[in-house]
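Here's a friendly walk through a protein model for someone seeing it fresh. Have a look at the sequence and the structure, then read on.

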Amino acid sequence: MASIFAHGFTAYAFGKTFSKEITTTKFWILGIICAILPDADVIGFKFGIAYEDFWGHRGFSHSLVFALLLGILITFIFYTKKFFSKTGFFLLLYFSICTASHGILDAMTTGGLGIAFFSPFDDTRYFFPWRPIQVSPIGASKFFSIWGIKVLLSELIWIGIPAGIYILVIGFFKKKKTSSVSYDPKNN
């Protein structure tokens, strides 16, 4: 898996797409939670759920169906009044993408059994052919080691830099749009 830092930063980067009216503290917190939540499935290890099981690590909670269901649930619970509006649709899309991004990043890592993208319809586990991200260890004690440092450096290169570029590009176009709206040729 990628680390919680990479998943959270990815949600933050996607969130920069939206206007300031939508991006409240609640929006940011929920987006980051959606991006991290699929890894709650590691709790299953404590209850004897095998890695490769439906509820196992990188199983249903990493699927596209789960991402959509969580996006719907989060939007409905926290944005009830906006749920059936254009804004509600975009919030649902954002929370779903944040959740789905988790499995996508994990499918680019160097370890594990793959991602059950199409669960519950197909429990086959998949990786992408290109897997540049170092897999993160499970457990905080293992994360704070040389392995953890290698993971963070890998994520900086393969997630941090592209996400940072995305944030800069989005900011540039937002600024350009704002300046073109405020420009009035009649007054110049």
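What follows goes from the whole chain down to its helices, its loops and a few single residues.

## The big picture

First things first: this is a predicted model. The protein chain has six helices and zero strands. Reading from the N terminus, then, the elements go α-α-α-α-α-α.

As for dimensions, the C-alpha trace of the protein chain spans about 70 × 40 × 30 Å along its principal axes. The protein chain has 188 residues, and buried ones make up 42% of them.

## Helix 1 up close

Helix 1 takes in residues 4-15, twelve residues in total. Does its length fit the textbook rise, and what would that rise predict? At 1.5 Å a residue, helix 1 should span 16 Å, and its end C-alpha atoms are indeed 16 Å apart, so the two values agree.

Which residues of helix 1 are buried? They are Ala6, His7, Gly8, Thr10, Ala11, Ala13 and Gly15. Here's a handy bit of background for reading a list like that: an α-helix has 3.6 residues a turn, so residues three or four places apart point the same way.

## How the helices pack

Two packed helices are described by the angle between their axes and the distance between the axes. Take helix 1 and helix 2 (residues 25-36): they pack at an angle of about 135°, and their axes are 8 Å apart. Angles over 145 degrees would count as roughly antiparallel, so with about 135° helix 1 and helix 2 are oblique to each other. The crossing of helix 1 past helix 2 is right-handed.

Now move along to helix 2 and helix 3. This pair packs at about 155°, with axes 11 Å apart. That angle makes helix 2 roughly antiparallel to helix 3, because the cut-off for that label is 145 degrees. Helix 2 also passes helix 3 in a right-handed crossing.

## Two cysteines, no bridge

How many disulfides does the structure hold? The count is zero. Cys34 is in no disulfide, and its nearest cysteine sulfur, that of Cys98, is 6.3 Å away. Looking from the other side, Cys98 is in no disulfide either, with the sulfur of Cys34 as its nearest cysteine sulfur at 6.3 Å. A disulfide needs the two sulfur atoms within 2.5 Å, so a separation of 6.3 Å doesn't qualify.

Are these cysteines buried or exposed? Cys34 has 0% relative accessibility and counts as buried. Cys98 is buried too, with a relative accessible area of 0%.

## A loop worth a look

The loop between helix 4 (86-106) and helix 5 (140-143) is home to Thr109. Thr109 is buried, at a relative accessible area of 0%. A polar atom of the Thr109 side chain lies 2.7 Å from the backbone oxygen of Asp106.

Phe117 sits in the loop between helix 4 and helix 5 as well, and at 8% relative accessibility it counts as buried. Phe117 and Val65 are 52 residues apart in sequence, yet their C-alpha atoms are 8.0 Å apart in space. Gly112 is in the loop between helix 4 and helix 5 too, but Gly112 is partly exposed, with a relative accessible area of 45%. From Gly112 to Gln134 the C-alpha to C-alpha distance is 11 Å, with their positions 22 residues apart in sequence.

## Backbone oddities

Most residues other than glycine have a negative phi, and most peptide bonds are trans. Two spots here go the other way. Where is the cis peptide bond? It runs from Ser119 to Pro120, with omega near 10°. Pro120 is in the loop between helix 4 and helix 5, and it is partly exposed, with a relative accessible area of 39%. Pro120 and Glu52 are 68 residues apart along the chain, and 13 Å separates their C-alpha atoms.

The other spot is Arg58, whose phi is near 70°, a positive value in a residue other than glycine. Arg58 is found in the loop between helix 2 and helix 3 (64-78). At 0% relative accessibility, Arg58 counts as buried.

Note on methods:
Residues numbered from 1 in each chain as written. Predicted model: local features only at pLDDT ≥ 70, side-chain atom pairs only at ≥ 80, totals over all residues. Heavy atoms only, no water. Buried < 20%, exposed > 50% of the residue type's maximum accessible area, 1.4 Å probe, protein only. Helix = DSSP H or I, 4+ residues; strand = E, 2+ residues; numbered from the N terminus. Polar contact = N/O pair within 3.5 Å; in protein donor to acceptor, adjacent residues only side chain to side chain. Expected span 1.5 Å × (residues − 1). Axes fitted to C-alpha atoms, helices over the stretch in contact; angles between N-to-C directions. Parallel < 35°, antiparallel > 145°, perpendicular 65-115°, else oblique. Left-handed = near helix turned anticlockwise from the far one by under 90°.
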